[in-house]
Amino acid sequence: MLRLDRWLVTLGIGSRSEVQKLVKKGGVKLDGMPVKDPEMQVDEKSAMLTVNGAAVDGRLTRHVMLHKPAGLLTAARDKKQPTVMDLLPAVYSAIGCMPVGRLDKDTTGLLFLTTDGELNHRLLSPGRHVDKTYLAEVDGVLDASHVAAFAEGLHLSDFDAQPAHLEIVAPHIGRVTVHEGKFHQIKRMFSAVGCEVTKLHRETFGSLVLDPDLPEGEWRELTGDELASLYSDAQMER
Ligand code: URA
């Protein structure tokens, strides 16, 4: 339960004074009935909200799978450059839906975003880090020595990357599964074995798999099963 005016402000309908005026002049209906008290308590999980005659999705909890295209920053906002949030309706930012972890600007593929701060934190916390799989195109020819080096764990300038699984998909393409998520990790791992990554695409994040029917730049909400698996990855109750 929360106050109607707070709910409307959080959904980005307007400022506190704007939504109060809107309610008082009858612009807001709950379950089809006009309401006049902006301070009334509302069950935001079940109330059907209408603003100026249009139905509004009032959920404050959202979980999103985005197929990130190259060229966007993974950030909640940026003063100069477009971010992944620009691909979602404004209400997602308004209710605090945030990317979980980061993909580089030129990396494509699976990005998970959620309003659940605890889930976000747990999926990234070092003790619980979930597996992530990337498809990397490189400028060298991959062979068994690279697979062995990844399996051994690589010494990078500021940390030792844990053993990772490298599968050779084609001479210039490797599929890598890592358990951690350090800055530029995949690019730096390949660099350490003499290859530069020319293209990077994330396929999985924990139990979440990029939907093959989701084109680049598109997004959708998670299914109940996908969400249940992610909460289980994070060892959290829903
Ligand atoms: N590792 C990288 O180097 N870049 C990414 O975007 C993700 C993992």
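Me: Where does the ligand sit in this model?
Reply: In the largest pocket. Keep in mind that the model is predicted. Sitting in a pocket takes more than half of the molecule's atoms within 2 Å of the pocket's grid points, and the ligand is assigned to the largest pocket on that basis.

Me: What makes the pair between the ligand and Asp104 a polar contact?
Reply: The cut-off for a pair of N or O atoms is 3.5 Å. A ligand nitrogen is 2.7 Å from an N or O atom in the Asp104 side chain, so the pair counts.

Me: And which other residues make polar pairs with a ligand oxygen?
Reply: Thr107 puts a polar side-chain atom 2.8 Å from a ligand oxygen. With Lys187, a polar backbone atom is 3.0 Å from an oxygen of the ligand. Both pairs are within 3.5 Å, so they count too. As for cover, the ligand has 240 Å² of accessible area on its own, and the protein covers 95% of that.

Me: Why is Tyr134 listed as a residue around the ligand?
Reply: Because the test is a heavy atom within 4 Å. Tyr134 is on the list, along with Leu103, Asp104, Thr107, His184, Gln185, Ile186, Lys187 and Leu200.

Me: How does that shell split by class?
Reply: Four nonpolar, three polar and two charged residues. Tyr counts as nonpolar in this scheme.

Me: Which helix gives the most to the shell?
Reply: H6, residues 185-192, with three residues.

Me: Which domains does the shell draw on?
Reply: Domain 2 (63-126 + 208-233) and domain 3 (131-205) each give at least three residues. The chain also has a domain 1 (2-56), and its centre is 50 Å from that of domain 3, taken over C-alpha atoms.

Me: What makes the backbone at His184 worth a look?
Reply: Phi there is positive, about 55°, although His184 is not a glycine. This residue lies in the loop between strand S14 (173-178) and H6. Asp31 is another non-glycine with positive phi, near 50°, and is found in the loop between strands S2 (28-30) and S3 (33-34).

Methods: Residues are numbered from 1 along each chain as its sequence is written. This is a predicted model: local features need pLDDT of at least 70, side-chain atom pairs count only at pLDDT 80 or more; totals for chains, interfaces and linings use all residues. Side-chain values use heavy atoms; hydrogens and water are left out. A polar contact is a pair of N or O atoms within 3.5 Å; within protein, one must be able to donate a hydrogen and the other to accept it, and residues adjacent in sequence count only if both atoms are side-chain atoms. Accessible areas come from the Shrake-Rupley method with a 1.4 Å probe; for residues, only the protein chains shown count as cover. On a 1 Å grid over the protein atoms alone, a cavity is a set of points where a 1.4 Å probe fits but cannot get out, and a pocket is an open set with protein on both sides within 12 Å along at least five of seven lines; lining residues have an atom within 4 Å of a point. Helices (H or I, at least four residues) and strands (E, at least two) are DSSP runs, numbered from the N terminus. Domain bounds come from an automatic or database domain assignment.
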